[in-house]
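Colleague: Could you take a close look at the salt bridges for me? I'd like to hear which parts of the chain they hold together.

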Amino acid sequence: MTRSSRFLLPFALVTLAASLAVGVPRAAAIDPFPTTGIATLSSDHFMIHFSRDVSPCPGAAISQEQAGEILGMAERAYALYGSWGYTAPGYLADISVDDFTGGCIVDGSIPLGNPPPLDRWDAVLDPVAPGVDEVHLNVASGLGYHVVAHEVFHLFVDVVAAGAADQWLHEGLAEWASVRANAEAGGLELNPDRTMDCVGSECGDSEFDRNGYPGWMLFEYLAERFGDASIKSVLDTAAANPTWSGTKVLSTVVQPLGPALGKFFEDYTTARLTGNFTFAALAGVLPKTQATIVVGSSTDAVSPVTLAVNHLAVRFVDLAHAPDTDTGPCYSALLDLQVALPAGVATTPYYSANVKGYVPQAFTVSGNTATLNAIPWNTCGASPHAYVSLPNETNDVVPPALDAREFTIRGKVTVDKTKPASATEAPAGVKISGPVIQTPTTDPAPVLTLHGPELIRVAPKTRLLRFVVFSSGDGTLKATLGSTWLGSAGLHAGNNDIRYVLPTQLLKSLRKTNTPANVLTLTSYALGGTQGASVTRRVAMKPVPKPKKRRG
C-alpha cells in the first residue's frame, strides 16, 4: 500500500532542512518580524528615520507608507523651491519623526536651549553643521505638507544665510514659502497688533504669533507689489550682510523700489484693512479689531477711543452702525472722524467703509491731527462695520523706534431724519480673520438668525414677547432682557416660534426704548453645552392709547 503524499511531504522537508543546516550559521540574529529599533526610508534628497511600535519611541511610531508620504511631501517642496531659483541643499537631509510630548527623539537630538515644552512646536531644526540641518517633526502635529514645506524652505535658507538676520525674517519667509507651496492660507494671527519684528513668548497669545510667522503676510504683500523676485532679494541681502537686522535687510530691498520701510509698512496695513490681496487665501480677509465704536442713531458726538500702538505695529478699530430706537426707517447721516496722533509718529490712518466698490480713504494729516470729514453714513444696524487703521511705522532703521504711542479717535455723526436709508451691502466674500484654532471635538452651537424688527414692541396687557428665530441646528436658546433672566427654550433646525411672558416689574423700565434694560440678548448653546454667539434686539412696551372723549 502506497503511503499518502500528505505524510511523505513533511518528512521530506524535515530531512532536507536538517541536511541544509549542516555547516550553515543559524539565522536567529535576524528578526523575522521586527517591532523594535529605528526604521529608515530614503528618497533622492532626504532620509527619514522613524520608530517601530515597541521601541525606541512607541509614541512616535508610524508606518512605512506614512514615511513614504512625508518623503514625497519633502521632495515636492524641494523641487518647487528649486524651480523658484533658490540654492538647494547639497546633502541628503535627515528627517526624524519624534514624540515631542513624551520627549522621545528617534534620531539625532533637539538643540540644547530649545524652549520647553517641546510639544509646543510642530517641528524643530537641529543645525548639525554650518548650513546643514536635521529636521525633527512632531508626530502629533508636524506630518502635514504645510509643516514639511515650511521646514524644507528653512534648509534652503540655511544653505546661504544660516544665522543671518532675525528669526522673524526667517520664519516669515519660510511660512510664506509654505503657504505658496500649499496654495492655502497660513495662520491668521491672534494678535494683529503685535510688533512685526517681535519673536519670543512676549510677542502674542499663540505660538504662531510668538514665533514671527505672521510676517508671511508682509512678504506676500511684498511679492504682490514688487514681484516674487523681491522675496529672493530679501534672502540674498540677508546672506550678504549677516550682521544686519531683519528690518534693515527689508528696508534695503524696498527703498530702491520706491517707499521707505515705514511707508511700505503703512501701505501693507492699508491692504490688511480691506483684504486687498490677489492671493485667494488673503483676498477679502479683514483684520481682527482691537476696539469697537458704536456710532449713535441720532446727531451726537462719537465716544472717543484711545489705543497704544508699538513700533512697526498697527491696531484696527471698527465702527458699528447703531440701530434706530424707533419703529420707523433708518436714516442717512454724515460722519466726521478725527485721530489725535502721538508726537514723533509720522503716519496716516486710513478709513474703509467696507462696502462694495469702496476705496480706502486716507485721513488728512496736519501736525498731530488727522481728519476725515463728511463720510457717508447711515443708522441702519444691518450695515457692515467700517474700519480705521492706526499704524505706527517707526522702526530701528530710521530711529527711534517708538513704542506705547497713544492714538485717540473721536468724531461726530450728523443724522438727517428727512432722508430714509437702507443698509449698505458688504463686499462679496468678505472674511473676518481670527485666531488659528484646533478643529472642535464637540458639536458647535447653532447659529441664530432673528426674524423681527430692531425694536420689538410688547403689549402691556398680555406682556407677551414673541419672535421667530432661525437656528442652524438643534440646541438650546437662553434669553435675558437687560439683567433679567427670561428662561431657556429648545431649538430645532429651522424656524422656532419663541414666546416669553415678561414679569410685571419690567413694564416700567420698558416704557423707554434706549436703556440697558431694553436689550434682549439671545444666546445659543449646543446640546453638549458649547456656547455660541449672541444676537440682540431692543424691547419696549407699546404705547397705551389714550381713551377717546365721549361726546356730551
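Modeller: Sure. For this purpose, a salt bridge is a side-chain nitrogen of Lys or Arg within 4 Å of a carboxyl oxygen of Asp or Glu. By that rule, this predicted model has nine salt bridges.

Let's start with R180 and E220, whose side chains meet in a salt bridge at 3.0 Å, N to O. R180 sits in helix α4 (residues 167-182) and E220 in helix α6 (residues 215-226), so this pair ties together parts that are 40 residues apart in sequence. As for their surroundings, E220 is buried, because its relative accessibility is 1% and the cut-off for buried is under 20%. R180, at 22%, counts as partly exposed.

R180 also forms a salt bridge with D228, where the closest N and O atoms are 3.2 Å apart. Here helix α4 is linked to the loop between α6 and α7 (229-240), where D228 lies, so the parts tied together are 48 residues apart in sequence. D228 is partly exposed, with a relative accessible area of 40%.

Then there's D193 with R315: their closest N and O atoms are 2.8 Å apart in a salt bridge. D193 belongs to the loop between α4 and α5 (207-210), while R315 is in strand β9 (residues 313-321), so the pair connects parts that are 122 residues apart in sequence. D193 counts as buried at 17% relative accessibility, and R315 as partly exposed at 23%.

Finally, there's a network to look at: R225, K263, E266 and D267 are joined into one by salt bridges that share partners.

Technical notes
Residues numbered from 1 in each chain as written. Predicted model: local features only at pLDDT ≥ 70, side-chain atom pairs only at ≥ 80, totals over all residues. Heavy atoms only, no water. Helix = DSSP H or I, 4+ residues; strand = E, 2+ residues; numbered from the N terminus. Buried < 20%, exposed > 50% of the residue type's maximum accessible area, 1.4 Å probe, protein only.
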